[in-house]
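Subject: The structure I promised you

Hello,

Here is the structure, ready for you to open next to the sequence. Below it you will find my notes on what turned up.

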Amino acid sequence: MTGVQTCALPIWLTLNTFAAYFKYAIFMPYDNYMDVYHSKSWFQSKFDADMLVGMIRNYKTDLVAFAWYNLDPASHYMWIYHEPEKFGHARGVIEPELLKKYGNFINDEYIWADRSLEVVMKRLPPTSRFAIVSDHGFGFDKRPMNMLYVVRKDPMLKFAGLEGKVTANVMGEEFILKPVEGAEFPDGVAADEYIAGKFTDITIRELDRPFFTVDVLPVGVRVTRYSPNKLVDLSETNLVLGKKTTMLKNVIMAVYASGVHYEKGIIILSGEHINPGVDLGDNTMADFAPTLSVWLGLPFPVDTDGYVIEGALSKE
């Protein structure tokens, strides 16, 4: 095949999506990291649906796999507001205003994912087959304290003296930095090496140790945050870079990981040759590929430990 293939998106959906993005993800003021995540997640769900429909319509394909990732971080961070009654023994009193603000956070994420799936299903041929599967479930974290520390991108890059000189993905525990095209760096020093040196030199004053470990890779500079068993108080800890000092709380946000992976997830099958309304019982992820293969008329995978899920497929 020669030439370049293009993907045309449904224009009315795309315009609505970008209008929502500019309203909620750019101009809306945020109190913290999860406010930013929540509004962008809504945009992401809508845009993902647009993109998926456009790709399926413009490319001949028999099988498409797509992941909605937003549910995972939302459940990790916000389960404390989803089931607050289960955290009283470990978390103390949950502030009423936060409970009111975030009480429907996880439900909203599932609603948005469901509406996005509805958009996809309505715009594909009626003979299409759908399988929804999760590799795990979610529930409240029984541990007394499980705190995650998220690097705030803009303040950290400013402290490192790299503001406007690098691009970064979401700066969680590990992230990749790449030099911006046209950015100026000291003569005689490769851009990646300069970036790596900046983060290597950032230290925790109270612990007298580096805050990051750094690796220069072909894809960019990989930076991994120090992850102690119990991080010192953010309000009493300082980062040092040369003669510059900043309090850790200025460049790090602490969020509860109040939701944790549970063993049992879900599997939902819809389309031709599926028995409707059947409880599939307990199965494993290894059973999904054999079931999907038989359903689609493909050869049974010989290297799997799984089985076709009993009762899922009709004999018609």
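Let me start with a pair of helices. In α3, L71, A74, S75, M78, W79 and H82 meet F105, I106, N107, E109, Y110 and A113 of α6. Sorted by character, the residues of this contact are 8 nonpolar, 3 polar and 1 charged. The axes of α3 and α6 (residues 105-122) come within 8 Å and cross at roughly 145°. Please keep in mind throughout that this is a predicted model.

Aromatic pairs

The count comes to 8 aromatic pairs. One of them joins W79 and F138: the ring centres are 6.2 Å apart and the planes are at 20°, so this pair is stacked. W79 belongs to helix α3 (residues 71-82) and F138 to strand β2 (residues 137-140), so the pair ties together parts that are 59 residues apart in sequence. Both W79 and F138 are buried. So W79 is worth a look from two sides, as W79 is also among the α3 residues that meet α6.

Now to F185 and Y194. Their ring centres lie 5.6 Å apart with the planes at 65°, so the pair is edge-to-face. F185 is buried, and Y194 is buried as well. F185 has a further neighbour: K165 lies over the face of its ring, at 5.9 Å from the ring centre. Elsewhere, F175, F199, F211 and F212 form one aromatic cluster.

The sheet and its helix

Next comes an open sheet of 4 strands, in the order β4-β5-β9-β8 and with antiparallel pairing. The edges are taken by β4 (166-168) and β8 (212-217); each has a single partner strand, so one side of each is left without a neighbour in the sheet. On average, neighbouring strands here are turned by 25° against each other, direction ignored. Within the sheet, β5 (residues 174-179) pairs with β9 (residues 220-225) in the antiparallel sense over 4 bridges. If you would like a place to begin tracing that pairing, E174 stands opposite T224 in β9.

Helix α8 (residues 191-200) packs on this sheet, where it touches β4, β5, β8 and β9. The direction of α8 makes about 170° with that of β8. Which residues of α8 are buried? They are Y194, I195, A196 and F199. Two of these names have come up already: Y194 in the edge-to-face pair with F185, and F199 in the aromatic cluster. The cover over the buried residues of α8 includes α7 (153-159) as well as β4, β5, β8 and β9.

An enclosed helix

Helix α9 is another one to look at. Of its 8 residues, 6 are buried, so α9 is largely enclosed by the rest of the structure. The buried ones are F288, P290, T291, L292, S293 and W295. Their cover includes β1 (130-133) and β14. After α9 comes G297, which has a positive phi, near 75°.

Loops

Most residues other than glycine have a negative phi, and two residues stood out to me here. D208 is not a glycine, yet has a positive phi of about 55°. D208 sits in the loop between β6 (203-204) and β7 (209-210). Is D208 buried or exposed? With a relative accessible area of 70%, D208 is exposed.

H273 is not a glycine either, and has a positive phi of about 65°. You will find H273 in the loop between β14 (267-270) and α9 (288-295). H273 is partly exposed, with a relative accessible area of 34%.

Last on my list is R143, in the loop between β2 and β3 (147-151). R143 has a relative accessible area of 43% and is partly exposed. How many residues separate R143 and V260 in sequence? The answer is 117, while in space the two are 9.7 Å apart, C-alpha to C-alpha.

If you only have a few minutes, I would open the stacked pair of W79 and F138, then α8 on its sheet. Happy to go through any of it with you.

Best wishes

Terms used. Residues numbered from 1 in each chain as written. Predicted model: local features only at pLDDT ≥ 70, side-chain atom pairs only at ≥ 80, totals over all residues. Heavy atoms only, no water. Buried < 20%, exposed > 50% of the residue type's maximum accessible area, 1.4 Å probe, protein only. Phe/Tyr/Trp six-rings, centres within 6.5 Å; stacked < 30°, edge-to-face > 60°. Lys NZ or Arg CZ within 6 Å of the ring centre and 35° of its normal. Axes fitted to C-alpha atoms, helices over the stretch in contact; angles between N-to-C directions. Contact = heavy atoms within 4.5 Å. Nonpolar A, V, L, I, M, F, W, Y, C, P; charged D, E, K, R; others polar. Pairing = 2+ DSSP bridges.
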